[in-house]
Amino acid sequence: MTHGDGQMLEERIAEWRSYVRRREAIDPADVDELEDHLRSQVASLEEAGLAEDEAFLIAVKRIGALDTLSDEFAREYSERLWKRLVVAPAAEDSGEGRREALVALALAVAAAVAIKIPALFGVTFDTNTAHAGGAANESFYIRNFSLLVLPFLAGFFAWKRKLAPRGRYWLAAPFVAAALVMNLIPFTMGGYTESLAAIHLPIALWLAVGFGYAAGAWHDHDRRMNYVRFSGEWFIYYALIALGGGVLIGFTVLLFSAIGLKVELLVNNWILPCGIAGAVIIGAWLVEAKQSVIENMAPVLTMLFTPLFTLLLLAFLVTMVATGSAIAVDRKVLIGFDLLLVLVVGLILYAISARDDRTEPRFFDTLQLILVVCALLVDAVALWAIAARISEFGFSPNKVAALGENIILLVNLAGSAVLYARFVAGRAPFAALERWQTAYLPVYAVWASVVVVIFPFVFRFQ
Amino acid sequence: MNIGKDLVAASATPLVLAILSEGESYGYAIIKRVDDLSGGELKWTDGMLYPVLHRLERNGYVKATWGKSETGRRRKYYRITDRGSEELTRQRRQWQVVDATLRGTPFHSFMMAPLGV
């Protein structure tokens with residue numbers, strides 16, 4: 001046997017291994033065992049005078065069809081099909097997986113501690129505005145909460161993606177800048193620009209974390225799409241953790257009140273803030289650890305809710321036209337329509353993220369197009385109603401922010417509608433739509449930064 | 001002669017236990033041994049053996065350890081336990097009953113007698 005032949009066998013065995021590994025019911029250790037079998041069989045067939053490639057083919061055939069084999073294993077280990085959803089996945093190298101879990105845990109604890117560090121300087125979670133310190137405390141945490149948590153998430157990705165020092169500086173820059181901006185701008189305590197900055201800062205910083213997630217290659221569209229996928233899954237994990245945390249807190253209060261102790265202060269000052277901070281990192285780690293194991297949930301929810309929301313918007317439009325009712329414009333309407341657009345953009349984004357862009361247009365794509373067009377119509381009606389009366393309101397920071405967001409989302413949806421229509425008509429590839437969405441991501445970051453940095457000056461810190 | 005799927009499945013446990021009662025062994029060698037003993041009549045799909053071995057391990061009839069093959073590769077060896085030996089005795093008795101019953105029926109005189117069994 002020449003050297004080249006042996007290498008070919010190794011390649012084929014590696015290929016075969018990767019095929020077998022994809023079966024949930026078969027463990028890595030089982031694959032090792034089967035590989036040993038395969039090699040013994042090949043060796044014995046070669047001894048009998050067969051050529052290496054023939055020996056390999058026969059040996060693989062004797063092991064049996066992969067489907068049947070995997071079924072046999074599944075019957076023996078039916079729990080394995082479930083277990084993968086519960087425990088940390090058995091990484092090929094479990095040392096790597098354990099190290100990652102430890103790093104994530106350490107960072108989660110660090111984030112939880114960071115949330116409480118201001119307490120050392122007298123800034124506690126006591127936000128009771130009845131006494132003097134309360135309002136200042138509240139103001140500090142409103143401005144800095146995301147700054148105390150998200151750097152640890154960025155750190156997690158810097159570590160995980162082995163970011164080069166240069167990349168680390170770039171990753172750290174937005175956080176340093178944000179810390180300076182949030183604490184040097186003389187916001188009016190409890191003012192509009194302050195709470196607007198507090199709402200928009202996490203959006204900007206979340207996209208900054210994406211720089212770490214993409215290992216610095218933020219201009220790469222595939223990595224951006226992966227970050228979108230990550231964000232959706234993270235959100236779902238976070239909601240689940242929050243649900244569990246709520247139950248935990250409920251029982252904490254219940255059990256201690258049974259022995260006559262009031263622990264609400266402990267819950268509000270420690271468990272809640274530390275939990276909120278730590279769960280950000282833990283959620284991210286779970287998504288990272290399980291991305292190849294569990295079907296992504298965000299696209300599943302999208303599939304479920306796209307038809308329902310399309311129906312809702314259609315029904316709304318029809319009712320509005322039929323009854324001739326105008327949209328009653330009050331303070332909350334604009335924000336409500338902003339949220340509607342966010343939701344529709346989300347539905348499109350996650351439908352795109354899960355779609356194989358080589359497949360032909362399907363019914364679901366038409367449905368998405370209808371959804372987008374309905375959302376555009378509904379929003380156009382709302383915008384028109386608001387524009388007609390904007391002079392009455394004057395330009396308050398909240399209204400300008402909400403209007404700006406509305407326009408940004410409207411442009412996104414209009415672009416999506418055009419590209420969707422072209423795709424459904426068979427005149428453009430699906431990738432064009434995907435690219436439009438990923439190319440649009442920095443717009444959100446830029447607008448969020450504008451609201452954080454420029455608005456306070458424009459509106460005199462009110 | 002082609003032995004049916006159900007019979008192959010039913011005989012797998014006692015056969016594996018019997019082979020392991022001769023001494024510690026591993027998957028490929030067990031299949032080789034079955035092949036030798038049956039004169040090539042009993043054909044297993046190789047991969048099927050492993051779920052069977054793992055079930056025996058879970059039931060405590062065999063004990064598995066990771067060792068090294070002669071070429072230094074990782075290999076899983078199986079050894080029969082006391083419980084496994086008891087199970088083998090029990091299953092042997094059951095097969096004897098089946099066998100004896102079959103011998104007493106016309107099946108035997110028609111099919112096996114001409115072959116001199």
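A polar contact here is a pair of N or O atoms within 3.5 Å. That is the idea to keep in mind for several of the views below, all taken from a predicted model.

**View 1. The start and end of helix 10 in chain A.** At the start of this helix, a side-chain oxygen of Asp220(A) comes to within 2.8 Å of the backbone nitrogen of Asp222(A). Follow the helix along its 38 residues: at 1.5 Å a residue they should span 56 Å, and the end C-alpha atoms sit 55 Å apart, which agrees. Just past helix 10 you'll meet Gly260(A), with a positive phi of about 80°.

**View 2. Chain A as a whole.** Before zooming in again, here's the backdrop: chain A has 16 helices and zero strands. Of its 462 residues, 44% count as buried. If you take the contacts in chain A with a separation of 6 or more, 78% of them are between residues 24 or more positions apart.

**View 3. Two positive phi values outside glycine.** Ala215(A) has a phi near 55°, a positive value in a residue other than glycine. You'll find Ala215(A) in the loop between helix 9 (192–213) and helix 10 (221–258) of chain A, and it counts as partly exposed at 31% relative accessibility. Arg460(A) isn't a glycine either, yet its phi is positive, at about 55°. Look for Arg460(A) in the segment after helix 16 (430–458) of chain A, where it is exposed, with a relative accessible area of 69%.

**View 4. Where chain A meets chain B.** The contact takes 22 residues from chain A and 20 residues from chain B. Together the two chains bury about 1,900 Å², and carbon and sulfur atoms give 52% of that area. On the chain A side, Glu33(A), His37(A) and Glu76(A) lose the most area to chain B, together 34% of what that side buries. Between the chains there are twelve residue pairs in polar contact. Helix 2 (28–47), helix 3 (52–63) and helix 4 (66–76) of chain A each supply at least two residues of the side that touches chain B. Helix 2 gives the most, with twelve residues. Sorted by class, the chain A side has six nonpolar, six polar and ten charged residues.

**View 5. His37(A) at the interface.** His37(A) is part of helix 2 of chain A. Is His37(A) buried or exposed? At 0% relative accessibility, it counts as buried. The side chains of His37(A) and Asp46(B) are joined by a polar contact of 2.9 Å. Leaving aside residues up to four places away in sequence, His37(A) touches Ile63(A) in its own chain, along with Gly27(B), Tyr28(B), Ile31(B), Asp46(B) and Tyr50(B).

**View 6. Salt bridges across the interface.** Two salt bridges cross between chain A and chain B. In one formed by Arg74(B) with Asp32(A), the closest N and O atoms are 2.9 Å apart. Both residues also belong to a network of salt bridges that links Glu10(A), Arg17(A), Asp32(A), Glu35(A), Arg39(A) and Arg74(B).

**View 7. A salt bridge between two helices of chain A.** Over all chains, the structure holds 16 salt bridges. Glu288(A) and Lys160(A) form one of them, with their closest N and O atoms 2.7 Å apart. Glu288(A) lies in helix 11 (residues 264–290) and Lys160(A) in helix 7 (residues 132–160), so the pair ties together parts that are 128 residues apart in sequence. Glu288(A) counts as buried at 5% relative accessibility, while Lys160(A), at 23%, counts as partly exposed.

**View 8. Two salt bridges in chain B.** The side chains of Glu22(B) and Arg33(B) meet in a salt bridge (2.9 Å, N to O). Glu22(B) is in the loop between helix 1 and strand 1 (25–26), and Arg33(B) is in helix 2 (residues 27–37), eleven residues apart. Arg90(B) and Glu87(B) make a salt bridge too (2.4 Å, N to O). These two share helix 4 (residues 82–103) of chain B and are three residues apart, about one turn of the helix. In an α-helix there are 3.6 residues a turn, so residues three or four places apart point the same way. Arg90(B) counts as partly exposed at 41% relative accessibility, whereas Glu87(B) counts as buried at 9%.

**View 9. Ser11(B) in helix 1.** Ser11(B) sits in helix 1 (residues 5–20) of chain B. Its side chain reaches the backbone oxygen of Val8(B) at 3.0 Å. With 11% relative accessibility, Ser11(B) counts as buried.

Definitions and conventions. Residues are numbered from 1 along each chain as its sequence is written. Chains are lettered from A and ligands numbered from 1 in the order in which they are written. This is a predicted model: local features need pLDDT of at least 70, side-chain atom pairs count only at pLDDT 80 or more; totals for chains, interfaces and linings use all residues. Side-chain values use heavy atoms; hydrogens and water are left out. Helices (H or I, at least four residues) and strands (E, at least two) are DSSP runs, numbered from the N terminus. Buried means under 20% relative accessible area, exposed over 50%, partly exposed in between (1.4 Å probe, protein chains only). Contact means heavy atoms within 4.5 Å. Buried area is the accessible area (1.4 Å probe) that two parts lose on being put together, summed over both. A salt bridge is a side-chain nitrogen of Lys or Arg within 4 Å of a carboxyl oxygen of Asp or Glu. A polar contact is a pair of N or O atoms within 3.5 Å; within protein, one must be able to donate a hydrogen and the other to accept it, and residues adjacent in sequence count only if both atoms are side-chain atoms. Ala, Val, Leu, Ile, Met, Phe, Trp, Tyr, Cys and Pro count as nonpolar, Asp, Glu, Lys and Arg as charged, and the others, Gly among them, as polar. The expected span of a helix is 1.5 Å times one less than its number of residues.
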